[in-house]
Amino acid sequence: MPYPTQPTASHFINGQYAEDTAGAEIPVIYPVTGEQIAVVHEATPAIIEQAITTAKVAQKAWAAMSGTERGRILRRAADMIRERNHDLSVLETYDTGKPMSETLYVDATSGADALEYFGGLAGSLTGEHIQLGEDWVYTRREALGLCVGIGAWNYPTQIACWKGAPALACGNAMIFKPSETTPLCALKVAEILHEAGLPAGLYNVIQGTGAVGAPLVTDPRVDKVSLTGSVPTGRKVYAAAAAGIKHVTMELGGKSPLIIFDDASLEDAVGGAILANFYSSGQVCSNGTRVFVQKGIKEAFLKRLHERLQTVVMGDSMDEATNFGPMVSERQMNIVQSYIEKGKAEGARLVCGGGRLDREGYYLEPTVFADVKDDMIIAREEIFGPVMAVLDFETEEDAITRANDTEFGLSAGVFTADLTRGHRVIAQLEAGSCFINSYNDAPVEAPFGGSKQSGVGRENSKAAINHYSQMKSVYVRMGAVDAPF
Ligand code: NAD
């Protein structure tokens with residue numbers, strides 16, 4: 001890779017880079033050009049064993065430190081990430097293909113936000129005191145032990161931090177397995193955490209496909225599994241973790257509704273729909289890909305959307321003027337193209353896009369289908385690319401019923417000038433992360449996660465603490481023990 005800050009080996013274990021070339025080669029492809037820019041090796045059983053044993057040893061002493069001490073290290077790492085934001089953003093762009101106009105503002109910075117936020121919370125994690133007459137109970141908030149994080153490929157730096165920061169703040173160790181499609185960024189997160197003072201072994205990164213993830217999930221020494229991935233993978237990982245009665249967080253896929261009422265600001269609604277479908281070239285789990293538009297505003301909405309999409313700047317992701325990048329891989333491009341063909345075959349009206357760009361790399365045009373019907377495949381399945389499905393509706397009740405008619409429940413959004421209606425509709429939508437007159441904001445202070453088949457547990461916010469710690473209650477008797485015999 002023509003860049004000096006690339007990771008120097010495949011894995012990061014016990015505070016340093018580690019290599020085992022016996023592992024199968026995983027090529028790292030730059031999606032902008034299709035060129036191979038690096039190779040990592042899949043973790044061998046020996047690498048997996050080192051990752052587990054060093055993490056187990058390090059975790060006990062880490063949990064015994066005060067929360068303030070742990071938090072100080074995380075906050076230092078946050079500062080270092082911000083100082084190195086430019087280089088980390090370049091790496092994120094190499095890993096994912098996302099344009100620098102996104103990565104400079106969203107990826108390393110949101111990772112730093114998580115480290116800063118959970119670093120700040122670490123010193124305030126406490127149990128409580130419950131007086132029972134003379135006797136009393138106290139609770140201790142304790143670490144779970146060894147947590148495994150498994151990432152998707154769309155936000156490799158952010159996911160590595162969103163899982164690592166709360167895990168470490170609560171006194172756990174983490175082994176993180178990035179997606180095999182984007183293996184580079186998590187290594188830099190590990191490097192920076194240890195440079196900031198994290199004791200060796202507490203944040204190990206190992207590479208591989210699901211074949212490396214699976215034995216981590218079932219290893220009896222692992223106490224918790226946090227997965228970001230698709231629903232089919234979630235089903236497998238959740239079931240495997242359940243066999244060992246392990247804690248889980250599942251951040252899975254979606255097919256989220258975005259409901260636009262006649263009275264909404266046209267410009268804001270179009271802007272929201274763009275953010276909900278085309279940011280990161282549509283490769284965002286919470287995207288509002290089923291855009292329900294009330295009949296009175298439909299034609300104006302489609303016209304303005306079409307106009308604004310003409311101003312998209314597709315091109316070299318390293319050029320900061322570019323605001324729309326490629327699909328992460330040839331495979332993902334093929335998947336999305338096959339959905340576009342299904343949309344055409346099912347009779348949806350292609351408003352714009354639908355093609356591949358005539359250039360190197362895995363570029364697809366931003367694509368909008370109108371007159372989409374609820375039972376079409378493009379309205380039911382997660383596409384995970386730049387494909388918006390616009391559906392018509394007339395009444396509020398109809399929109400809510402149809403929006404909820406899905407197995408997914410990650411996100412939902414409403415655009416309306418009537419705020420009473422906005423709150424009323426959001427309250428009835430079956431989704432975990434919702435928006436009124438906005439879309440896809442994910443500040444670290446707010447809980448993030450899905451309901452129904454989109455997930456279990458929450459990331460970010462104080463809610464994440466409950467998913468990375470457990471309560472021990474201690475009954476203290478002050479008098480004699482009154483036994484029956
Ligand atoms: P994926 O399900 O194919 O893979 C996710 C991760 O799981 C990868 O690291 C993969 O190697 C690993 N894996 C696969 N099989 C495994 C097994 N049997 N045991 C252990 N690990 C295994 O998902 P993807 O294609 O990388 O990412 C796209 C999906 O992720 C989309 O469905 C998207 O909606 C979802 N996603 C969800 C969120 C969220 O926060 N809810 C965020 C980003 C992406």
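**Packing, pockets and backbone in a predicted model**

The buried residues of α13 pack against β12 (257-260), β13 (290-294), β16 (387-393) and α14 (419-428). The model is predicted. The turns below start from that helix.

Student: Which residues of helix α13 are buried?

Tutor: Helix α13 covers residues 396-403. Its buried residues pack against strands β12, β13 and β16 and against α14. They are Glu396, Ala399, Ile400, Arg402 and Ala403.

Student: How are the axes of α3 and α6 oriented, roughly parallel or roughly antiparallel?

Tutor: Helix α3 spans residues 85-96 and helix α6 residues 185-195. Their axes come within 9 Å and cross at roughly 155°. An angle over 145 degrees counts as roughly antiparallel. So α3 relative to α6 is roughly antiparallel.

Student: How many nonpolar, polar and charged residues does the contact of α3 with α6 have?

Tutor: From α3 come Leu88, Leu91, Glu92 and Asp95. They meet Cys185, Lys188 and Ile192 in α6. By class, the contact has 4 nonpolar, no polar and 3 charged residues.

Student: Lys163 is in helix α5. Is Lys163 buried or exposed?

Tutor: Helix α5 runs over residues 156-169. Beyond its neighbours within four places in sequence, Lys163 contacts Gly149, Ile150, Met174, Phe176, Ser226, Leu227, Thr228, Glu459 and Tyr468. Its relative accessibility is 0%, and under 20% means buried. Lys163 is therefore buried.

Student: What separates the C-alpha atoms of Trp153 and Gly432?

Tutor: Trp153 is in the loop between β7 (146-150) and α5. At 16% relative accessibility, Trp153 counts as buried. Trp153 and Gly432 are 279 residues apart along the chain. Their C-alpha atoms are separated by 22 Å.

Student: Which residues does Trp153 touch, not counting those up to four places away in sequence?

Tutor: Trp153 belongs to a loop, the one that links β7 and α5. Its relative accessibility of 16% makes it buried. The residues it touches are Thr96, Ser179, Thr181, Thr182, Gln283, Val328, Gln332 and Phe384.

Student: Asn437 has a positive phi although it is not a glycine. Does Asn437 count as buried or partly exposed?

Tutor: The phi of Asn437 is about 55°. Asn437 is in the loop between β18 (433-436) and β19 (455-456). Its relative accessibility is 34%, and partly exposed runs from 20% to 50%. Asn437 counts as partly exposed.

Student: Asn460 also lies in a loop. What is its relative accessible area?

Tutor: The loop of Asn460 runs between β19 and α15 (463-467). Asn460 is not a glycine, yet its phi is positive, about 65°. Asn460 is buried, with a relative accessible area of 0%.

Student: Which element gives the most to the lining of the second largest pocket?

Tutor: About 310 Å³ of space lies in this pocket. The elements giving two or more residues to its lining are α1 (45-64), α2 (67-83) and β6 (135-143). With 5 residues, the element that gives the most is β6.

Student: How do the residues of that lining divide into nonpolar, polar and charged?

Tutor: The second largest pocket is lined by 17 residues. Nearest its centre lie Ala63, Arg141, Glu142, Ala143 and Cys170. The lining divides into 5 nonpolar, 7 polar and 5 charged residues.

Conventions
Residues are numbered from 1 along each chain as its sequence is written. This is a predicted model: local features need pLDDT of at least 70, side-chain atom pairs count only at pLDDT 80 or more; totals for chains, interfaces and linings use all residues. Side-chain values use heavy atoms; hydrogens and water are left out. On a 1 Å grid over the protein atoms alone, a cavity is a set of points where a 1.4 Å probe fits but cannot get out, and a pocket is an open set with protein on both sides within 12 Å along at least five of seven lines; lining residues have an atom within 4 Å of a point. Grid points are joined across faces, edges and corners, and a volume is the space filled by probe spheres set on the points. Helices (H or I, at least four residues) and strands (E, at least two) are DSSP runs, numbered from the N terminus. Ala, Val, Leu, Ile, Met, Phe, Trp, Tyr, Cys and Pro count as nonpolar, Asp, Glu, Lys and Arg as charged, and the others, Gly among them, as polar. Axes are lines fitted to C-alpha atoms, for helices over the stretch in contact, and angles run from 0 to 180 degrees between N-to-C directions. Angles under 35 degrees count as roughly parallel, over 145 as roughly antiparallel, 65 to 115 as roughly perpendicular and the rest as oblique. Contact means heavy atoms within 4.5 Å. Buried means under 20% relative accessible area, exposed over 50%, partly exposed in between (1.4 Å probe, protein chains only).
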